[in-house]
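Reader: I should like to learn how a protein model may be read from its side chains and helices. Would you kindly take me through one by question and answer?

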Amino acid sequence: MSASDPIAAPATPLLPSAVAVVRISGRNLLDRLRPLVALPKPRQAALRHLRWEGHDEKALILSFPAPDSYTGEDVVELQVHGNPLLVQRLLTHLTTLGIRLAEPGEFTRRALLNGKQGILEVEALQDLMAASTDQQIRQAQARQGRLPSWLVMARSRLAPWVARAEATVDYGEEEGLSLDLATLKIEAEELGRVFHVEQKRAAAAHWLRDGIRVALVGRPNAGKSTLFNALAGEDRAIVTDQPGTTRDVLEVRVEWRGLPLLLFDTAGIRSAGDEAERQGVARVRGVLDGADLVLHLAPASEGPEPRALPELVGLEARTLQVRTFADQCEGPGLRVSAPKGDLDALEAALKTRFLGDLAPEALMGALATTRQVRLLDALTDQVRSVIELPVDAPPELAASLLQGAWGLLLRLTGEDRAETSLDALFQGFCLGK
């Protein structure tokens with residue numbers, strides 16, 4: 001299997017439908033596809049006959065010659081009848097023409113390798129396909145297009161210093177070159193401030209991208225299901241005055257006030273109950289261990305300190321105490337009244353915890369993937385090492401640190417690509433992308 005092989009894949013799901021799209025990419029597709037179909041003029045849709053092995057089908061054909069195509073190669077799209085069996089037969093016939101089935105994400109991978117897209121654009125596309133809320137869609141769309149301006153600035157500011165440091169090491173004695181470390185440290189401090197701001201934005205944007213796993217826990221009749229339904233915007237959990245109504249863990253994904261949440265409603269914690277309820281309680285700890293935040297709900301009428309739950313031992317750092325039915329009595333703490341729709345305090349607490357002082361709108365275009373955040377953190381640490389250089393440090397040390405920062409910056413923007421990292425990136429794509 002070669003990266004230069006012509007490839008094909010369905011660009012639409014293999015489900016019964018009126019129309020299915022088969023995408024093909026490779027070199028010299030005009031000649032390769034001649035036995036199957038006569039291609040129309042570039043970028044002009046035309047109705048043609050697909051003929052092979054006794055099969056004759058009308059299809060709408062589009063042709064995009066290299067390099068002006070999605071992948072940078074010749075690309076042809078066949079809009080055919082949506083019967084999955086017919087699509088599979090067409091794909092099988094294409095293999096007889098030397099066109100193999102594409103690997104997941106291989107079209108976009110070729111677009112990246114042929115300079116049609118950058119790695120940040122590819123990651124944004126991946127996030128857009130995986131988005132399940134409006135906020136996640138907006139975040140992904142904001143990261144498509146050109147490099148963020150701060151990255152362009154960092155690259156232009158860092159490149160001359162890398163070249164200067166390397167020249168000083170190689171030719172300093174012969175040409176009388178030296179490295180002004182005092183000025184370098186000032187430049188590094190300015191870059192460090194920019195990186196620190198982007199770190200803060202990336203940490204918050206990461207939550208918007210991945211979603212926040214929130215588990216609701218408490219004793220029976222603590223108001224868990226009522227709050228669960230209020231956050232979900234629909235009646236997903238049964239709410240009655242009878243304790244132990246929730247027997248199993250309920251789960252729903254929702255966007256609530258700009259926050260993508262994965263909510264878990266758990267069984268009320270108590271020792272009594274039938275076997276189904278006991279099994280529901282036994283499952284609670286596993287849900288709590290996987291949660292980003294645990295909301296420990298207790299009625300406001302219980303007083304300033306709710307009764308402790310053994311299931312929360314060791315989870316204190318990820319637990320937020322919430323007093324429910326706050327409209328029924330006064331008291332301290334984070335108070336909500338789900339039946340009354342009084343959830344402003346909870347909204348403020350969640351946004352402060354996960355977004356800090358940043359509004360979701362301020363995070364548009366921020367780095368967000370695990371790869372991006374990890375490299376940004378490493379880049380910031382590297383620049384901090386430059387800032388901490390003594391002014392009499394040898395140029396070799398400065399050159400080494402600057403080269404390290406430059407390499408991290410190129411990996412972040414995708415200009416320095418490791419094959420293994422590309423493999424991991426494209427595994428999450430569908431065949432036709």
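**Charged pairs, rings and helices**

Author: Let us begin with Asp-127, which counts as buried at 8% relative accessibility in this predicted model.

Reader: With which residue do the side chains of Asp-127 meet in a salt bridge?

Author: Asp-127 lies in helix H4, and the partner is found 16 residues apart, in the loop between helix H5 and H6. That partner is buried as well, with a relative accessible area of 9%. The N to O distance is 2.1 Å, and the residue is Arg-143.

Reader: Is Asp-357, which forms a salt bridge with Lys-200, buried or exposed?

Author: The closest N and O atoms of Lys-200 and Asp-357 are 3.0 Å apart. Lys-200 lies in helix H7 and Asp-357 in the loop between H11 and H12, so the pair ties together parts that are 157 residues apart in sequence. Lys-200 counts as partly exposed at 40% relative accessibility. A residue is exposed when the relative accessible area is over 50%, and Asp-357, with 59%, is therefore exposed.

Reader: Why are Glu-106 and Arg-110 separated by about one helical turn?

Author: An α-helix has 3.6 residues a turn, so residues three or four places apart point the same way. Glu-106 and Arg-110 form a salt bridge, with the closest N and O atoms 3.3 Å apart. Their separation is about one helical turn because both lie in helix H3, at a spacing of four residues.

Reader: Which residues are linked with Glu-106 and Arg-110 in a network of salt bridges?

Author: Both members of the pair are buried: Glu-106 has a relative accessible area of 9%, and Arg-110 stands at 5% relative accessibility. The residues linked with them in the network are Asp-5, Glu-73 and Arg-100.

Reader: How many of the eight residues of helix H3 are buried?

Author: The buried residues include Phe-107, and the charged end of Arg-23 sits over the ring of Phe-107, 5.8 Å from its centre. Helix H3 is largely enclosed by the rest of the structure, because its buried residues number seven.

Reader: How far away is the nearest side chain of opposite charge from Lys-224?

Author: Lys-224 lies in helix H8, and its side chain reaches the backbone oxygen of Arg-219 at 3.1 Å. Lys-224 is buried yet has no salt bridge. A salt bridge requires the nitrogen and oxygen to be within 4 Å, whereas the nearest side chain of opposite charge, Asp-265, is at 5.5 Å.

Reader: How many aromatic pairs does a search of the whole structure find?

Author: One pair joins Trp-150 and Phe-195, whose ring centres are 6.0 Å apart and whose planes stand at 70°, so the pair is edge-to-face. Trp-150 belongs to helix H6 and Phe-195 to helix H7, 45 residues apart. Another is formed by Trp-207 and Phe-354, with centres 4.8 Å apart and planes at 70°, so this pair is edge-to-face. The search of the whole structure finds two.

Reader: Which residue follows H13, with a positive phi?

Author: Helix H13 has 19 residues and reaches 27 Å from its first C-alpha to its last, close to the 27 Å expected. Its buried residues include Ala-398, Leu-401 and Leu-412. The residue that follows H13 has a phi near 90°, and it is Gly-414.

Methods:
Residues numbered from 1 in each chain as written. Predicted model: local features only at pLDDT ≥ 70, side-chain atom pairs only at ≥ 80, totals over all residues. Heavy atoms only, no water. Helix = DSSP H or I, 4+ residues; strand = E, 2+ residues; numbered from the N terminus. Buried < 20%, exposed > 50% of the residue type's maximum accessible area, 1.4 Å probe, protein only. Lys, Arg positive; Asp, Glu negative; His and termini not counted. Polar contact = N/O pair within 3.5 Å; in protein donor to acceptor, adjacent residues only side chain to side chain. Expected span 1.5 Å × (residues − 1). Phe/Tyr/Trp six-rings, centres within 6.5 Å; stacked < 30°, edge-to-face > 60°. Lys NZ or Arg CZ within 6 Å of the ring centre and 35° of its normal.
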